[in-house]
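User: I am new to reading protein models. Can we go through this one step by step?

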Amino acid sequence: MRWTPGDRSNVEDHRASSGFGVGRGVPIGIGGLLVMLLLSWATGINFFALLNSPGDSPSGAVGTSGRASSSPEEERQVDFVDAVMKDVQGTWTTLLPGDYTATRVVLFRDAMESACGFAQSATGPFYCPQDRRVYLDLGFLAELSERFGAPGDFARAYVIAHEVGHHVQRLSGIEGRVRGAQRDDPSAVNPLSVRLELQADCFAGVWGHAAAQPGRADKGQVELEAGDVDEGLRAAAAIGDDRLQRMSTGHVAPDRFTHGTSAQRVEWFRRGLTAGRPDACDTFAGTRVERERGTPGYR
């Protein structure tokens, strides 16, 4: 990938003020902490969000206190995240004129309090609908290569674009309709979650299609190079539910899928890459969510 560092206006840097021990709610020992980390990593569900007691009111991200200790490589990663976020959001501003509102990536280390509960690195990057922010521990970007076998800039960019895809779902009302359908039919919770995640994969591909157009780097935009698409497809395959479950438990439990299989994630990411249009990303065909759809720019 070719990209140009920017002014970091697309990130909120909380690396200096985050870490274990910042969460409120139910206290647990180190053994319980490790169990929660394993469950969160294996299922993709943020189990730490369940630690807040009913009386707790989640606090949003607060300003940093002091400067984070860092390395030149880590600072380059911050610039990379900012550049990708700027480009992804520029694409969606063009695709959804007047309907897209910018978000930011909240960078943290190990763990921090978010509006959606206790954010921690083991769950990987996630989007919080309550504060409309993407949360990311930069360590996950290294894990993509070292643990999941998905190296390369576009593999990391795919993950960021996927989370912005959830922001698009929030803004367009898709996420709200899905949550309503899940409340009405508990048996649909996991199947609809899978459809939501696959659509975010497809939305990431829509951005990838735009980034693959020649001449973008000369304008200071992100531009894909030869081999980048393969990196993204490997990343999509690496974090399928079936593969993660097999890595963590040795067997696959389809009834616990929340993000889709590796094959499904690759398929929908590829659809977005090929079409370059949001209307190619209807993963809700035949469901109540599709019947209630009425979002300008999405149909």
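User: Which strands does α4 lie across, and at what angle does α4 run to β5?

Analyst: This is a predicted model. In the model, α4 lies across β5 and β6. The angle between α4 and β5 is about 25°.

User: What makes β2 and β6 a pair?

Analyst: Pairing needs at least two bridges between two strands. β2 and β6 have four bridges, in the parallel sense. Therefore they count as paired. One bridge joins Leu 107 to its partner Leu 136 in β6.

User: Why is one side of β1 and of β5 left without a neighbour in the sheet?

Analyst: Look at the strand order: β1-β2-β6-β5, in an open sheet with mixed pairing. β1 (11-13) and β5 (126-128) stand at the edges. Each has a single partner strand, so one side stays without a neighbour. From one strand to the next, the twist averages 30°.

User: Which strands does α2 touch as it packs on the sheet?

Analyst: α2 touches β1, β2 and β6. Its direction makes about 165° with that of β2.

User: What is in the largest nonpolar core?

Analyst: That core has 55 residues. Met 1, Val 81, Trp 92 and Trp 207 have the most contacts inside it. α4 gives the largest share, nine residues. To belong, a residue must be buried, with side-chain atoms within 4.5 Å of another member.

User: Which residues does Val 81 touch, leaving out those up to four places away in sequence?

Analyst: Among them are Val 11, Val 105, Leu 107 and Leu 136. Leu 138, Leu 141 and Ile 160 are touched too.

User: How much of the protein counts as buried?

Analyst: Of the 299 residues, 54% do. The cut-off is under 20% relative accessible area.

Methods: Residues are numbered from 1 along each chain as its sequence is written. This is a predicted model: local features need pLDDT of at least 70, side-chain atom pairs count only at pLDDT 80 or more; totals for chains, interfaces and linings use all residues. Side-chain values use heavy atoms; hydrogens and water are left out. Buried means under 20% relative accessible area, exposed over 50%, partly exposed in between (1.4 Å probe, protein chains only). Helices (H or I, at least four residues) and strands (E, at least two) are DSSP runs, numbered from the N terminus. Contact means heavy atoms within 4.5 Å. Axes are lines fitted to C-alpha atoms, for helices over the stretch in contact, and angles run from 0 to 180 degrees between N-to-C directions.
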